[in-house]
Amino acid sequence: MDLLKQPFPWYLSGPLISITLLLLILVGKRFGMSSNLRTMCTVLGADKTCDFFCFDWRAQRWNLVVTLGVLIGGFIAVTYLSGGNAPAINIDVVKELNTLGFKSAGTSYLPLELFGEEVFSSVKGILILLIGGVLVGFGARYAGGCTSGHAIAGLSNLQLPSLIAVIGFFIGGLIMVHLIFPLIF
Amino acid sequence: MKNSVYLLIGIFFGIVLLKSEAASWFRIYEMFHFKAFHMYGIIGSALVLGIVFIQLIKRYNIKTFGGAQISFVDKKKSIPRYLIGGIIFGLGWALAGACPGPMFVLLGAGFFPIIIVIIGAMLGTWCYGLLKNKLPH
């Protein structure tokens with residue numbers, strides 16, 4: 001039990017993610033989290049606005065149930081497995097983030113400057129989170145998948161399109177962190 | 001009955017995502033600075049074992065728990081769709097520090113500002129639906 005309260009090392013985490021992929025395949029389903037966003041849009045009535053959302057969302061209900069589980073998993077990890085502790089990130093990264101204004105680097109799981117309750121009263125903070133979300137949602141559907149569908153499931157099945165998508169993920173991430181962050185933080 | 005299986009798989013995945021720190025904005029930032037092996041180790045080891053699992057399923061024609069045939073559909077060939085879509089996704093992944101799985105993990109973990117990211121992601125998905133036919137695929 002004590003072991004479960006420690007952060008999971010990469011060599012445990014990676015294989016546990018593959019086991020998630022395997023379990024979903026063995027129950028006859030697919031591994032992909034971002035398609036839930038499309039399903040949720042349809043549930044909320046986006047099917048009245050364009051064809052892309054016209055599909056039987058009930059056929060995707062299983063994935064919404066998985067997502068509900070993921071949410072419960074997050075709750076369990078934080079409440080019972082001391083999962084909300086600060087990751088032991090590289091000390092150079094902590095210093096660099098401190099100079100960018102992220103004083104919470106190295107002391108919390110997420111930057112409080114973006115994920116503390118105060119962010120609800122900061123226009124800049126709200127815009128950063130909202131735009132980040134829009135890019136993730138738009139990009140995931142355009143690319144036909146996200147980290148789970150392409151980087152894990154697609155690459156595990158040796159799909160070239162998934163490799164192109166993952167290269168894209170990294171090009172985008174590097175541009176954001178190295179070229180755009182200095183402009184906004 | 002089936003629903004409880006999906007729920008349990010989700011709970012398992014949610015715990016792994018949070019405890020692995022793959023749902024931490026800081027880990028994503030660190031990854032894009034190449035300052036730690038952690039995230040590369042997670043994705044790399046997940047991939048190696050994932051390839052083994054899928055090869056075994058194909059080679060030994062392993063069936064689902066319900067006895068059904070498992071089929072893998074090849075993704076449609078294209079470059080612009082995956083590259084441009086991927087870059088847009090990557091920009092958001094680095095900015096919000098969360099991809100679609102971790103978004104829901106973090107909501108469950110009580111980091112409520114992530115709701116703004118989730119609303120954004122749904123808006124982004126909706127915008128894609130509206131613009132789909134005008135985009136190169």
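In this predicted model, the contact between the two chains draws on 107 residues of chain A and 99 residues of chain B. On the chain A side, quite a few helices pitch in: α2 (10-26), α3 (35-43), α4 (61-80), α5 (91-100), α6 (112-115), α7 (123-143), α8 (147-156) and α9 (160-184) each put at least two residues against chain B. The largest share belongs to α7(A), with 17 residues. Sorted by character, the chain A side breaks down into 74 nonpolar, 30 polar and just three charged residues.

One helix pair across this contact can be looked at in detail. The axes of α2(A) and α1 of chain B (residues 2-19) come within 10 Å and cross at roughly 160 degrees. Because that angle is over 145 degrees, α2(A) runs roughly antiparallel to α1(B). The crossing of α2(A) past α1(B) is left-handed. From α2(A), the residues making the contact are S13(A), L16(A), I17(A), T20(A), L23(A) and L24(A), and α1(B) answers with I9(B), F12(B), F13(B) and V16(B). Eight of the residues in this helix-helix contact are nonpolar and two are polar, with no charged ones.

As for chain B itself, its secondary structure is made up of six helices and zero strands, so to speak an α-α-α-α-α-α run from the N terminus on. Its C-alpha atoms fit a box of roughly 45 × 40 × 35 Å along the principal axes. Chain B has 137 residues, 54% of which count as buried. Among contacts in chain B with a separation of 6 or more, 44% link residues 24 or more positions apart.

Terms used
Residues numbered from 1 in each chain as written. Chains lettered and ligands numbered in written order. Predicted model: local features only at pLDDT ≥ 70, side-chain atom pairs only at ≥ 80, totals over all residues. Contact = placed C-beta atoms within 7 Å. Helix = DSSP H or I, 4+ residues; strand = E, 2+ residues; numbered from the N terminus. Nonpolar A, V, L, I, M, F, W, Y, C, P; charged D, E, K, R; others polar. Axes fitted to C-alpha atoms, helices over the stretch in contact; angles between N-to-C directions. Parallel < 35°, antiparallel > 145°, perpendicular 65-115°, else oblique. Left-handed = near helix turned anticlockwise from the far one by under 90°. Buried ≥ 20, exposed ≤ 12 C-beta atoms within 10 Å, placed from the backbone.
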